[in-house]
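This report describes the fold and selected local features of one protein chain. Please keep the sequence and the model at hand while reading.

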Amino acid sequence: MTGAAGSPRARAGAGASGKSAPAPAAPAPATPRRPGLTTRILHPQGAPRNAAGAPLPQIAQVSAFAFSSAQEQADVFANRRPGFVYSRVANPTVAAFERTVNQLEGGAATVAYASGMGALSAAFLTLLSAGDALVATPGLYGGTVELLDLLARLGVEVRFAASSAPADVAAAIDATGGRARLVFAETIGNPRLDVADVAGLARAAHERGVPLMVDNTVATPCLVRPIDLGADLVAHSTSKYINGFSDAIGGSLTVSGRFSWDFARYPGLAKFARLGKLAVVAGLRNDVGPALGAAMAPQTAFYMQVGVETFDLRMGRICDSALRLARHLEGLACAGAVAGLWVRYPGLESHEGHELAARQFGGRFGGILTLRLGSRQRAFALLDALELASIVSNIGDARTLVVHPATTIAAHLDEDARRASGVYDDLVRVSVGIEDAEDLVADFDQALGRLPALDPDAPPRAGGPAGHGAASPGTAR
Ligand code: PLP
């Protein structure tokens, strides 16, 4: 309808008598409101995703890009004009996904990688040199602990704080004698499920001239955007909740653009000094990224983009179901209905970081919980008896996944590192999916009902908070 007669304004102005009614007061101009997370993901501002008008990005399945002249190619190589040269550095499909993650995390720029480990490696190699120190909170993902061991072999001191409390991290920074160049934490540790106080850690790091990097894979930007709380770099394994369907491996690094780099302390960034606070973006994308060769593939970026569009929707349901399941299982444990059962989840008041989580995460607590069952035999029996939950060493899938960390994801860690990661022989990690919560509760009920009896001669359980393992104090490795 194009004519004025059909317009709402024309209809409103003509009363039944034919006399014109007094014009209704014009609505006050609406205060521009920020669209919600899912709206922003589905309707991004800026460049169209696909020149043909399709709502999803075109898959630019190419390794290299052609130019109309040698001069144009030289200009793009020299960053004098925008463009793509080679997919190990940048690719339009990947760039579309990078814009989405950047919007999710509220950063200045995001670079995607072939995996979460690729993202972490790129960040560490960009910011650290032999003789520098990295301060980490305990209870990190096992693959990250192995990467830190590798860094130590290359001459970087890796110092674990006694706990993820800001005061302990500050003490660990001070103990490096001015050599700390990065503080690293996971917002929710995998699988120890410690909760990091991001604002407190940012303060502790910044007061000592050091940036804070946070792995936000488990918490996700649905719970918290670490940059809003002062973090300088945010890493993701996008293979998890951002993808959501276990169909591709990927990673990302988002940069706040707020940290002032002292190029004498960060020699890897010195050649990009003209970019000031954004020098780190060039380091990640144009220097270490291409050297590492861990670029995200265009096809992967497409899968990630499709997955991320339902990310907030899935997370809401996952968090609700995880809380429901955790409360139910803790109820069974407290009632003594399942001997030897312990439950750990940041949404439970029994979790030592519950108050912080409630404050920091806006009432959601993530999709991971851990259970202790008294013995490896009972942990294995639970995995085998579950019918809906699949035995898979992954998290963040639409399906509920369970794993026995001690014999899988943490099997390669030595005993001390395993304990520091909160991994015990009787521990099971549950990544709650989007199945109907009551079906999950019923599945765990039937599986727990089939466990072998607890061995009365078993040694008492070792461990810290809620029997799930304490920090290894102040270890440098
Ligand atoms: N960070 C965390 C917290 C993880 O859980 C994982 C993988 O499980 C990674 C990083 C590594 O990610 P990717 O498997 O994509 O390399």
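The text below treats the whole chain, then its sheet, one helix and a few individual residues.

**Basis of the description**

The model is predicted: local features are given at pLDDT of at least 70 and side-chain atom pairs at pLDDT 80 or more, while totals for chains, interfaces and linings use all residues. Residues are numbered from 1 along each chain as its sequence is written.

**The chain as a whole**

The chain has 16 helices and twelve strands; helices (H or I, at least four residues) and strands (E, at least two) are DSSP runs, numbered from the N terminus. Of its 477 residues, 48% are buried. A residue is termed buried if 20 or more other C-beta atoms lie within 10 Å of its own, exposed if 12 or fewer do, and partly exposed in between, with C-beta atoms placed from the backbone. Residues are in contact if their C-beta atoms, placed from the backbone, lie within 7 Å. Among contacts between residues at least 6 apart in sequence, 72% join residues at least 24 apart.

**The seven-stranded sheet**

Seven strands form an open sheet in the order β1-β7-β6-β5-β4-β2-β3, with mixed pairing. Its edge strands, each pairing on one side only, are β1 (109-113) and β3. Two strands pair if DSSP finds at least two bridges between them. On average, neighbouring strands of this sheet are turned by 20° against each other, direction ignored. Helix α10 (residues 279-292) packs on the sheet, where it touches β1 and β7 (251-255), and its direction makes about 25° with that of β1. Axes are lines fitted to C-alpha atoms, for helices over the stretch in contact, and angles run from 0 to 180 degrees between N-to-C directions.

Three pairings within this part of the chain are set out below.

| Strand pair | Sense | Bridges | Opposite residues |
|---|---|---|---|
| β2 and β3 | parallel | four bridges | Val135 and Arg159 |
| β2 and β4 (residues 180-186) | parallel | four bridges | Leu134 and Leu182 |
| β4 and β5 (residues 212-215) | parallel | four bridges | Glu186 and Asp215 |

In a regular strand the side chains alternate between the two faces of the sheet. In β2, Ala133 and Val135 point one way and Leu134 and Ala136 the other way, and all are buried.

**Helix α6**

Strands β2 and β3 are also linked through a helix: β2, α6 and β3 make a right-handed β-α-β unit. A crossover is right-handed if, with the strands pointing away from the viewer, the path from the first strand over the helix to the second runs clockwise.

Helix α6 (residues 142-153) has twelve residues and spans 17 Å from its first C-alpha to its last, close to the expected 16 Å. The expected span of a helix is 1.5 Å times one less than its number of residues. Which residues of α6 are buried? They are Gly142, Thr144, Val145 and Leu148. Seen down the helix axis, the buried residues of α6 fall within an arc of 155°, so they line one face of the helix; the arc is that of the directions from the helix axis to the C-beta atoms. These buried residues pack against α5 (116-127), β2 (133-136), β3 (157-160) and α15 (415-420). Gly155, whose phi is positive and near 100°, follows α6.

**Individual residues**

Most residues other than glycine have a negative phi, and most peptide bonds are trans. The loop between β4 and α8 (198-206) holds Pro191, and the peptide bond from Asn190 to Pro191 is cis, with omega near 10°. Leu193 is found in the loop between β4 and α8 as well. Although Leu193 is not a glycine, its phi is positive, about 65°. Leu193 counts as buried because it has 26 C-beta neighbours inside 10 Å.

Thr220, in helix α9 (residues 220-223), has a positive phi near 70°. With 28 C-beta neighbours inside 10 Å, Thr220 counts as buried.

Val85 lies in the loop between α3 (70-77) and α4 (92-105). Is Val85 buried or partly exposed? Val85 is partly exposed, because 14 other C-beta atoms lie within 10 Å. Leaving aside neighbours within four places in sequence, Val85 is in contact with Ala64, Phe65, Val76 and Phe77. Phe65 is 20 residues from Val85 in sequence, and their C-alpha atoms are 5.1 Å apart.

Technical notes:
Two residues are in contact if their C-beta atoms, placed from the backbone, lie within 7 Å.
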